[in-house]
Amino acid sequence: MTNPKIVLIGAGSVVFTQGLLADLFAFPELKTARIALHDIDAERLATAEAAARYIAERRGADAHITAHADRRAALDGADFVINLVQIGMGEATRTDFEIPARHGVRQTIGDTLGVGGIFRALRTFPFLKALGEDIAAVCPGAWLLNYTNPMAMNVQYLTAATGLTRVVGLCHSVYWTMHDLCALLKVPFDEITYRAAGVNHQAWVLRFEHDGTDLYPRLDALFAENEQLRRRVRVDMYRRLGHYPTETSEHSSEYVPWYLHHDSEIERLRLPIGAYLGIVDENVAAYERTRDDLAAGACIDVEGTMEYAPQIIHSIVTGTPRTVYGNVPNHGLIENLPAHGVVEVPCLVDRSGVQPTRAGALPPQLAALNRTYLSMNDLVVRAALEDEPRHIRHAAMTDPATAAALRVEQIWELCDDMVRAHAERLQPGLRATLGS
């Protein structure tokens, strides 16, 4: 494969697009790639194109860069499709926080499970179905590399609703977790051996070694002597469950019933309620700075981000073998989790594509939490596939943090309010309000 065509859908997410392009153009074999940018926001698309041309010049790349308002035109002949789309942008995200908060549900990030995750998924599914149909029509052999959350729900829906098989969900949480643990222990990252598995944002570090020596005892000693480190959710979970979770404390607190409903735990573990709204504001500000800097001829950031998508593309194009962490349908990869759920496991990548590796069985306490996560995911996906609005409520009832905060009739009332708020972005059959 020479001069592969790489399409960024939702390229108006300019800051993330910058990092991906900096990574892509760092590979000599990808400096002449064909880059097609698509976004429905004309201003953001123009900014993304200007950023892409700037980064290509700074990286010494001779890439062919095009910008497209029409999605099929962008996709035509693609080898790789990177999905970055966030349906509803910041406005919808604020709704995901404000309405649950009025009902008494606390969230920190709200993009994976919980009420926020449910409705982020439901407003994304119609777009994913249309994207899948476009890929099947104009680039059926392309790899779809998804970054859009909620990761596991979106990948499960994509594979079930579109029939696409070359779909991989990508997240940097495993990489950065291991990077940060190495920094804590002052061990070089490139000298460790590690293995993780589970589900996106709730995977587990199953192996963590340096020169054949287990590093978990050193981590135990560090946490035992440092009270401030113990005041974090993921450390609390690790000390009770025996394996370190691969996502931040803010994320991790939302996937279990033990923390967000209790004022004392929020204080003890320093949980920032509504933290993601600040990230939304920061992202908008970063976009505006990039737009203004490009217009003024000023310098913008061209640093790489170590994301998986450029590494996958390079490995498939060149045959260079790598291991990355991908989110894929289970099908026995983790034997004590549902076969139809989407799991996060190590994947070998080379010219043959992305090849997930079998993780075996998780420790039972970890599998129990992951099964609850996947059960909620399945109900959300079934709501869309079966056009069954009751499954939206069933998913919220199954969600641990929501169930810990509300009585069942309150959960149904909350879902009705969320349906009303997001109705125009939901498929028609899911717009019904059902009462408590």
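How many cavities of 30 Å³ or more does the structure hold? The structure holds one, a cavity being a set of points on a 1 Å grid over the protein atoms alone where a 1.4 Å probe fits but cannot get out. The model is predicted, so local features need pLDDT of at least 70 and side-chain atom pairs count only at pLDDT 80 or more, while totals for chains, interfaces and linings use all residues. Residues are numbered from 1 along each chain as its sequence is written, and side-chain values use heavy atoms, with hydrogens and water left out.

The largest cavity encloses about 50 Å³ of space, a volume being the space filled by probe spheres set on grid points that are joined across faces, edges and corners. Its lining (residues with an atom within 4 Å of a point) includes Val105, Arg106, Gln107, Glu254 and Leu260. Helix H5 (114–138) and helix H17 (400–405) each contribute at least two lining residues; helices (H or I, at least four residues) and strands (E, at least two) are DSSP runs, numbered from the N terminus.

We turn next to the annotated site. The unreviewed UniProt entry carries a "binding site" annotation for Cys171 and His201; UniProt positions follow the numbering used here, feature names are shortened, and annotations may be inferred rather than shown by experiment. Although spread over 31 residues of sequence, these positions cluster in space, with a largest C-alpha distance of 8.4 Å.

Cys171 sits in the loop between strand S6 (167–170) and helix H7 (173–185). With a relative accessible area of 9%, Cys171 is buried (under 20%, against over 50% for exposed and partly exposed in between; 1.4 Å probe, protein chains only). Leaving aside neighbours within four places in sequence, its contacts (heavy atoms within 4.5 Å) include Asn200, His201 and Glu247.

His201 occupies the loop between strand S7 (192–199) and strand S8 (202–210), and is likewise buried, at 3% relative accessibility. Beyond four places in sequence, the residues in contact with His201 include Asp111, Cys171, Glu247 and His251. The side chains of His201 and Thr112 are joined by a polar contact of 2.8 Å, that is, a pair of N or O atoms within 3.5 Å, where within protein one must be able to donate a hydrogen and the other to accept it, and residues adjacent in sequence count only if both atoms are side-chain atoms.

The same unreviewed entry places "domain: Glycosyl hydrolase family 4 C-terminal" at residues 197–402. Over this range the chain is 49% helix and 18% strand.

Notes:
1 Å grid on protein atoms, 1.4 Å probe; cavity = no way out; pocket = protein on both sides within 12 Å on 5 of 7 lines; lining within 4 Å.
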